[in-house]
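I opened my notebook and set out to look through this structure one topic at a time. Here is what I wrote down as I went.

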Amino acid sequence: YQRRVHGQVGVGGVVINPETKTLLLVRERFGNGRWKIPTGIVDRAESLPHAVLREVLEETAVIANFKKVLFVNHTLATRWGIGDLFFACLCLTSATVATPDPNEIHECCFVTFDRFLAMGPDEFIMSSNGRLLKEHLSDFLGEGWKGLTVEAADRGEMLVAEQAEIVHCGGDDESLK
């Protein structure tokens with residue numbers, strides 16, 4: 001008898017421009033037409049920060065800086081019959097324009113926080129991840145976004161800042177330069 005993990009690890013980029021107080025959203029090319037944050041699956045031997053920054057860059061051509069994990073959601077069975085461990089990651093950017101990847105994304109744009117929070121289930125995907133995002137982002141915006149500034153991205157390595165602790169998460173990865 002051997003135990004096996006039957007699931008995937010997913011990431012979502014909660015990409016905020018703190019200067020314009022906007023959030024990056026996408027509409028998938030082959031989806032239900034509703035908005036969502038850029039998401040994807042973590043590749044084998046890939047860190048969470050790298051995965052979320054890669055997905056954001058691939059889907060929207062936006063360069064962002066990883067800040068922290070906002071929340072984690074574990075779904076026991078997705079529509080494909082496997083579990084999903086999803087990490088919603090706060091990322092900051094100075095970008096104001098996004099360009100959709102025509103193979104994956106129909107449309108992408110930055111929306112104001114108020115506009116996002118006002119979106120209903122007919123506009124924004126309200127899966128368990130979507131509901132948690134609205135809840136956590138609302139709490140975060142109420143207190144936490146004040147004082148956030150975009151720092152110049154260090155292209156040589158990615159750093160994860162969680163409170164005062166800095167953890168090295170990457171090396172000279174050419175794909176995010």
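**Entry 1: a pair on one helix.** I began in helix α1, where Glu58 and Arg54 sit 4 residues apart, which means about one helical turn separates them. This is a predicted model, so I keep in mind that side-chain atom pairs count only at pLDDT 80 or more. Glu58 and Arg54 form a salt bridge, with their closest N and O atoms 3.4 Å apart. I then looked up how covered each partner is: Glu58 is partly exposed at 39% relative accessibility, whereas Arg54 is buried at 11%.

**Entry 2: other charged pairs.** How many salt bridges does the count come to? I noted 7. One of them joins the side chains of Lys36 and Glu28, at 3.4 Å from N to O. Lys36 is buried, with 10% relative accessibility, and Glu28 is partly exposed, with 31%. I also looked up Glu123 and Arg115, whose side chains meet at 2.3 Å, N to O. Glu123 is partly exposed at 23%, and Arg115 is partly exposed at 36%. Salt bridges with shared partners also link Asp43, Glu46, Arg54, Glu55 and Glu58 into one network. My reminder to myself: side chains of opposite charge can pair when their charged atoms come close.

**Entry 3: the cores.** Next I turned to the nonpolar residues. The largest nonpolar core has 20 residues, and Val15, Leu24, Val52, Val62 and Cys91 have the most contacts inside it. Two or more residues each come from β1, β2 (22-28), α1 (48-60), β5 (83-92) and β6 (105-112). Which element gives the largest share of this core? I found that α1 does, with 4 residues. Apart from this core lies another, of 19 residues, including Ile37, Phe71, Phe113 and Phe116. I picked Leu24 for a closer look: beyond its neighbours within four places in sequence, Leu24 contacts residues including Val15, Val56, Val62 and Phe110.

**Entry 4: cysteines.** I searched for disulfides and found 0. Why is Cys89 not bonded to Cys91? Their sulfurs are 6.0 Å apart, too far for a bond, because a disulfide needs the two sulfur atoms within 2.5 Å. Cys89 is buried at 0% relative accessibility, and Cys91 is also buried, at 0%.

**Entry 5: a patch on the surface.** Last, I looked at the outside. Val9, Val69, Val72 and Leu85 make a nonpolar surface patch of about 250 Å². Val9 belongs to strand β1 (residues 7-17) and is partly exposed, at 31% relative accessibility.

Notes:
Residues numbered from 1 in each chain as written. Predicted model: local features only at pLDDT ≥ 70, side-chain atom pairs only at ≥ 80, totals over all residues. Heavy atoms only, no water. Buried < 20%, exposed > 50% of the residue type's maximum accessible area, 1.4 Å probe, protein only. Patch = residues over 30% accessible without salt bridge, like charges linked within 9 Å, V, L, I, M, F, W, Y side chains within 5 Å. Areas by Shrake-Rupley, 256 points an atom, 1.4 Å probe, with all protein chains shown as cover. Salt bridge = Lys/Arg side-chain N within 4 Å of Asp/Glu carboxyl O. Core = buried A, V, L, I, M, F, W, Y, C linked by side-chain atoms within 4.5 Å. Contact = heavy atoms within 4.5 Å.
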